[in-house]
Structure formats: structure tokens, C-alpha cells
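Let's take a walk through a protein together, starting with its strands and ending with its charged side chains. Keep the picture open while you read.

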Amino acid sequence: MSQVSPRIAVLVFPGSNDDRDAAWALKALGADTRFFWHAEEVLPEVEAVVLPGGFSYGDYLRCGAIARFSPAMQAVTSFAAEGGLVLGICNGFQILCEAGLLPGALRPNSSLEFVCADVPVRVERADTPFTCRCEPGQELVIPVKHGEGCYHAAADLDSEQIVFRYAPGANPNGSERDIAGVVNADGNVLGLMPHPEHAVDPLLGSGDGALVLASLVDAARERLYARA
């Protein structure tokens with residue numbers, strides 16, 4: 001008996017450039033993906049939402065600073081408040097921080113240069129909806145590509161909210177405490193700077209990102225079954 005495909009929305013802003021990549025990767029891993037335009041006010045019936053990478057609104061003012069005010073983000077905020085699963089990748093991570101759905105902020109890289117490279121990332125927690133296919137301490141190789149990925153942690157950031165760290169000596173942007181990804185206090189919203197959608201096929205260099213996205217698909221499917 002084939003598994004039911006959970007519905008996952010991929011949010012699209014003016015300037016998003018990894019939305020198609022994210023949708024393709026999620027579909028390849030068993031999701032029923034659909035695009036959600038930034039001006040829409042009501043989310044379709046979905047089990048999860050992904051905010052992809054790119055340069056929303058041209059990254060004017062500050063990365064994610066304009067996108068946070070879009071009608072779509074109001075819907076995403078309500079969805080998250082109800083326990084919906086939300087994943088923000090790179091620019092999506094920046095938007096989630098700007099919108100207050102995740103703690104902290106993303107600042108310009110310490111090198112003040114754009115960074116594009118495969119980096120090793122260590123899984124700090126494997127008990128989240130986004131890492132259930134991973135093992136604690138597992139090292140994943142996932143590409144990064146950003147100019148503002150230096151994570152500044154909130155003073156009250158709980159260490160339990162740190163889901164990914166850059167491996168020792170591999171921090172590409174100067175992020176405090178080598179943080180590469182964090183989850184909200186309720187555990188249903190995750191932001192990370194590396195791009196798992198670009199690491200789902202070993203032929204392209206690494207398939208490690210599939211562990212992250214497949215975990216999300218699994219968790220979304222569980223939510224679908226729970227509502228059935």
C-alpha cells in the first residue's frame with residue numbers, strides 16, 4: 001500500500017530563487033508540493049510550510065525585513081501558532097527571525113564576503129520533526145550560499161533550541177557558538193542557513209540534505225494521518 005503524500009506549501013516572494021529547488025526536492029521525497037504567493041492571505045490546506053532561500057524583496061533594508069510584513073507571513077504566523085510545521089532555509093531563516101517566529105538575528109558574514117561552499121554540519125538534536133532521520137552528533141555535508149548568515153543568538157537562547165552547528169573549524173560566517181540552525185521553543189519551527197534542498201542527490205556532491213527534508217515529510221505525513 002502506497003503512502004499518502006503530505007501537502008507542503010513553498011512560500012514564494014519576489015526575489016525567491018530556490019523555491020523550485022525546494023519544491024522539487026520535497027516532491028522527490030514524497031511530498032505533494034504547492035506554491036504559495038507572498039500576497040495571498042490564506043494558506044491552502046497543508047501539513048507544513050517551507051520558506052525557501054533567495055533574496056526576498058531584493059534584500060533591501062535588511063534580509064527578510066520587508067518579507068516579514070507580507071500577507072502570507074501573517075498566515076504562516078497563525079499556522080505556526082497552531083502547531084503547524086514551518087521550515088525556513090537561508091533567506092527563509094532570516095525572515096523567520098525578522099518575524100519573531102525564531103529567536104536571534106542573522107547579520108553580515110564576519111568576512112563581509114558572500115560565501116558559497118559545502119560545509120560539514122553537526123546534528124545537535126535528532127528528536128525534532130526536522131531531524132528524526134538523523135542521529136545525534138551525525139555530521140552532514142550541506143552547501144551554504146549567503147552574505148548574511150552570521151547568527152547572533154538571543155541572550156536567553158536555550159541550548160535545547162540549537163539543532164545544528166557547524167563542525168569545529170568549519171564555521172563559514174562567524175555565527176556565534178557555531179550555530180547553523182535553531183528551533184523555536186515549541187519545536188515546530190526550524191530555521192537553518194545551509195541548503196538541504198541542494199544536497200538530496202549524491203551525484204550533485206551530497207545526499208545528506210535529504211535526511212532533513214525527508215524528516216519534514218515524515219512529520220507532515222504524521223500530521224495528515226492524525227487529522228484523518
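**From strands to charges**

Start with two strands that run parallel: E1 (residues 7-12) and E3 (residues 48-51), joined by three bridges. To see one of these pairings, find Val10, whose bridge partner in E3 is Val50. Keep in mind that you're looking at a predicted model.

Now move on from E3 to E4. These strands also run parallel, and four bridges join them. Here you can spot Leu51, which stands opposite Gly88 in E4.

How do those pairs fit into the whole sheet? It is an open sheet of nine strands, and going across you meet them in the order E2-E1-E3-E4-E11-E10-E9-E6-E7, with mixed pairing. At the edges stand strand E2 (32-37) and strand E7 (139-146); each has a single partner strand, so one side of each is left without a neighbour in the sheet. The sheet isn't flat either: from one strand to the next, the twist averages 25°.

Let's go back to E4 for a closer look. How many of its residues are buried? Five of its five, so E4 is mostly covered. In a regular strand, side chains alternate between the two faces of the sheet. You can follow that here: Leu85, Leu87 and Ile89 point one way from E4, while Val86 and Gly88 point the other way, and all are buried. Lying across E4 (85-89) is helix H3 (residues 91-98), which runs at about 120° to E4 and also lies across E3, strand E10 (179-183) and E11.

Time for the charged residues. Side chains of opposite charge can pair when their charged atoms come close. This model has twelve salt bridges. One of them joins the side chains of Arg7 and Glu47, at 2.6 Å from N to O. Arg7 sits in strand E1 and Glu47 in the loop between E2 and E3, so this pair ties together parts that are 40 residues apart in sequence. Is each partner buried or exposed? Arg7 counts as buried at 19% relative accessibility, just as Glu47 is buried, with a relative accessible area of 0%. There's a third member to look for, too: Arg7, Glu45 and Glu47 are linked in a network of salt bridges.

Compare that with Arg34 and Asp32, whose side chains meet in a salt bridge of 2.6 Å, N to O. Arg34 is partly exposed, at 29% relative accessibility, and Asp32 is partly exposed as well, at 31%.

Another salt bridge links Asp218 and Arg221, with 3.6 Å from N to O. Both are in helix H4, and because they are three residues apart, about one helical turn separates them. Arg221 is buried, with a relative accessible area of 7%.

Last stop: Glu197, in the loop between strand E11 (189-192) and helix H4 (209-227). Which side chain of opposite charge is nearest to Glu197? It's Lys145, 5.7 Å away, and Glu197 is buried yet has no salt bridge. The reason is the cut-off: a salt bridge needs the nitrogen and the oxygen within 4 Å. The Glu197 side chain does make a polar contact, though, with the side chain of His195 at 2.7 Å. Beyond its sequence neighbours up to four places away, Glu197 touches Asp18, Asp21, Ala22, Ala25, Ile89 and Leu213. Ile89 takes you back to E4, where you met it as one of the buried residues.

Terms used
Residues are numbered from 1 along each chain as its sequence is written. This is a predicted model: local features need pLDDT of at least 70, side-chain atom pairs count only at pLDDT 80 or more; totals for chains, interfaces and linings use all residues. Side-chain values use heavy atoms; hydrogens and water are left out. Buried means under 20% relative accessible area, exposed over 50%, partly exposed in between (1.4 Å probe, protein chains only). Lys and Arg count as positive and Asp and Glu as negative; His and the chain ends are not counted. A polar contact is a pair of N or O atoms within 3.5 Å; within protein, one must be able to donate a hydrogen and the other to accept it, and residues adjacent in sequence count only if both atoms are side-chain atoms. Contact means heavy atoms within 4.5 Å. Two strands pair if DSSP finds at least two bridges between them. Axes are lines fitted to C-alpha atoms, for helices over the stretch in contact, and angles run from 0 to 180 degrees between N-to-C directions.
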